[in-house]
Amino acid sequence: MENTAVLREWFDRVDSEKTGSIAAAQLKHAFAVGNLDFSLSVVQQMIRMYDFDRTGTMSFEEFVELNKFLLKVQHAFSDLERGRGYLVPDNVYEALVKIGFSLDSPAFYTVCEVCTSIFYFKLKEIFLT
C-alpha cells in the first residue's frame, strides 16, 4: 500500500534517534509541523490509546493504527461539516457514532449544554470585567 510507504518515511523522519518508536514530544512536534497543534496531554492520550505493547511510546505499527483512526475522524467530521466551518451538536453526535463511539444520546446532549453554559459564562466574564 502506497500510504504505508509514505507513513513509514514520515515515521522514520520523526524517529530521529532511530529507536523504532517515537515519544509523545516527538509526535507533538511532528503534528505541529503539519499545522496540527495538539497539546502534549492530547498526544500522550493518543499514544495511550494505541500503545498496544504498553511501552509508553509508539511503534510504526501502532502509528499506522493511530493514522487510520485520525483519518476516520477527519472524514466523519468533514462529511458532516458541509462547508460551514463548524459542526452543530447533532453533527458532532453523528460523527462520534460514525467513528465507532457508543454514546448515550441524553448524556451527550447534557454535556453539550454544560459546555455551552461554561463557554457562555467565560465569554461574559471576559467581556464584562
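This report looks at the core, the residue S21 and the two largest pockets of a predicted model.

Let's start inside. The largest nonpolar core holds 22 residues, and I22, L27, F31, M58, F63 and L66 make the most contacts within it. Helices α1 (2-14), α2 (24-33), α3 (40-50) and α4 (60-81) each put in at least two residues, with α4 giving the most, at seven.

M58 has plenty of partners beyond its sequence neighbours: leaving out residues up to four places away, M58 touches F11, G20, S21, I22, L27, M46, I47, Y50, F63 and L66.

One of those partners, S21, sits in strand β1, which covers residues 21-22. Is S21 buried or exposed? S21 counts as buried because its relative accessible area is 19%, under the 20% cut-off. Its side chain makes a polar contact with the side chain of T57 at 3.3 Å. Outside the four places on either side in sequence, S21 is in contact with F11, D15, Q26, T57, M58 and S59.

Now for the pockets, side by side:

| Pocket | Space | Top contributor to lining | Lining by class |
|---|---|---|---|
| Largest pocket | About 320 Å³ | α4, six residues | eleven nonpolar, three polar, no charged |
| Second largest pocket | About 180 Å³ | α2, four residues | four nonpolar, three polar, one charged |

The largest pocket has 14 lining residues, and F31, L36, N67, L70 and L71 lie nearest its centre. Its lining draws at least two residues from each of α1, α2 and α4. The second largest pocket is lined by W10, R13, V14, S16, Q26, H29, A30 and V33, with α1 and α2 as the elements giving two or more residues.

Note on methods: Residues are numbered from 1 along each chain as its sequence is written. This is a predicted model: local features need pLDDT of at least 70, side-chain atom pairs count only at pLDDT 80 or more; totals for chains, interfaces and linings use all residues. Side-chain values use heavy atoms; hydrogens and water are left out. Buried means under 20% relative accessible area, exposed over 50%, partly exposed in between (1.4 Å probe, protein chains only). A polar contact is a pair of N or O atoms within 3.5 Å; within protein, one must be able to donate a hydrogen and the other to accept it, and residues adjacent in sequence count only if both atoms are side-chain atoms. Contact means heavy atoms within 4.5 Å. A nonpolar core is a set of buried Ala, Val, Leu, Ile, Met, Phe, Trp, Tyr and Cys residues joined through side-chain atoms within 4.5 Å. On a 1 Å grid over the protein atoms alone, a cavity is a set of points where a 1.4 Å probe fits but cannot get out, and a pocket is an open set with protein on both sides within 12 Å along at least five of seven lines; lining residues have an atom within 4 Å of a point. Grid points are joined across faces, edges and corners, and a volume is the space filled by probe spheres set on the points. Ala, Val, Leu, Ile, Met, Phe, Trp, Tyr, Cys and Pro count as nonpolar, Asp, Glu, Lys and Arg as charged, and the others, Gly among them, as polar.
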